[in-house]
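Student: I'm new to this one and I'd like to know where the labels come from. Can we go through it together?

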Amino acid sequence: RPVLGELSLNLVKDCLTEETLGSKLLSANICISDLDHTDTVNSPAEDLAKNRVGVSSTSLGVLKFSNWAFWTGINFLAAFSSENQEQAVERVKEQRFAAYETAFLREQITSSQKPDLGCPRALKEEVQQEIASQFNKTYVAKSLFHGVKEFYQALPARKMYLSRNIFPLVKAYADYLGFSDFQAEVKNKAFWLEHLILNNPSWRRMILRIDGVAEDEMINRARFYEKQKWSSVEDVLVIKRSLEMKDDSKKSDVLISTNDFGLVDIIRASRNQKQVAQKSY
């Protein structure tokens, strides 16, 4: 497969030339991105737990945190021994962060209150203050893979996050990177993507930026609409973050490693060629 950029270690499908890829990147209407391990080296949600955000504002917080950490470790051990390891690990991450969120980040339900199953409880005021203090612009900038900010600056398409992360974390990244919009605390990304496609008929050419298997269903949904003649979606470009570059490219068009500068160079080169062509007429 072609290699794009020696430092970026980008691999693309055989049928996708640099010229074609550049054209797809420049002509896209919307870029929908994942956050954890796609744009960020680590997971901001995991850093919440590592920094024990919300523990000090929780009754018996240290004891509850020790219990949460113990069961998190047990669950991960079981996941790593599973036949479908990658899927199992993703499920554990989602389940254990949900447990952390309920125990430490959200307002607790009093005996006189009834739980609202359709709406999550509000984040505690102390938690919001901790997040604002710890997850500031400096943290956001340092947490990104190299070239991520430059990629979004060079990309003319509208940018949007679909993330399972809590609202203030996603907002911090969306604001820093100049995104048009974002959806946080998304439990079903495929459902949300379908909702967005059906309500935005002008989105003919899409970019999906993802990592791992967690977004496979979302990719399948986008491909489904790409194949339907009645759908407005004409082209879906899937860019996947793969640090070891061993992933199967069946689900993706482009694999990127530790930085995005190869893609940035392609966008800039394609834009320059377009400008030269326009001047020649």
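Student: Which residues are linked in a network of salt bridges?

Tutor: Asp34, Glu94, Arg164, Lys189 and Glu215 are linked that way. One thing to know early: this is a predicted model, where local features need pLDDT of at least 70 and side-chain atom pairs count only at pLDDT 80 or more, while totals for chains, interfaces and linings use all residues. Also, residues are numbered from 1 along each chain as its sequence is written, and side-chain values use heavy atoms, with hydrogens and water left out.

Student: What makes Glu194 and Arg221 a salt bridge?

Tutor: The term asks for a side-chain nitrogen of Lys or Arg within 4 Å of a carboxyl oxygen of Asp or Glu. For Glu194 and Arg221 the closest N and O atoms are 3.2 Å apart, so the pair fits. Glu194 sits in helix α9 and Arg221 in helix α10, so this pair links distant parts of the chain, 27 residues apart. Helices here are DSSP runs of H or I with at least four residues, strands are runs of E with at least two, and both are numbered from the N terminus.

Student: How many salt bridges does a search of the whole structure find?

Tutor: The search finds 19. Another of them joins the side chains of Arg158 and Asp181, at 3.9 Å from N to O. Arg158 lies in strand β4 and Asp181 in strand β5, so the pair ties together parts that are 23 residues apart in sequence.

Student: Why is Asn259 called buried?

Tutor: Buried means under 20% relative accessible area, exposed means over 50%, and partly exposed is in between (1.4 Å probe, protein chains only). Asn259 has 9% relative accessibility, so it counts as buried. Its side chain also reaches the backbone nitrogen of Phe261 at 3.0 Å. That fits a polar contact, a pair of N or O atoms within 3.5 Å (within protein, one must be able to donate a hydrogen and the other to accept it, and residues adjacent in sequence count only if both atoms are side-chain atoms).

Student: And what about Glu234, buried, exposed or partly exposed?

Tutor: Glu234 is partly exposed, because its relative accessible area is 48%.

Student: How do you know that Lys124 has no salt bridge?

Tutor: The nearest side chain of opposite charge, Glu126, is 5.9 Å away. Lys and Arg count as positive and Asp and Glu as negative, with His and the chain ends not counted. Lys124 is buried all the same, and its side chain reaches the backbone oxygen of Gly54 at 3.4 Å.

Student: Which residues of helix α8 are buried, and why are they said to be on the same side?

Tutor: In α8 (residues 167-177) they are Leu169, Val170, Tyr173, Ala174 and Leu177. They cover an arc of only 130° around the axis, which puts them on the same side of α8. That arc is the one of the directions from the helix axis to the C-beta atoms.

Student: Last one: why is the protein chain called as compact as a globular protein of that length?

Tutor: First, there are 11 helices and eight strands in the chain. Its radius of gyration is 20 Å, close to the 19 Å that the globule rule gives for 281 residues, so the description holds. That radius is taken over C-alpha atoms, and the rule is 2.2 Å times the number of residues to the power 0.38.
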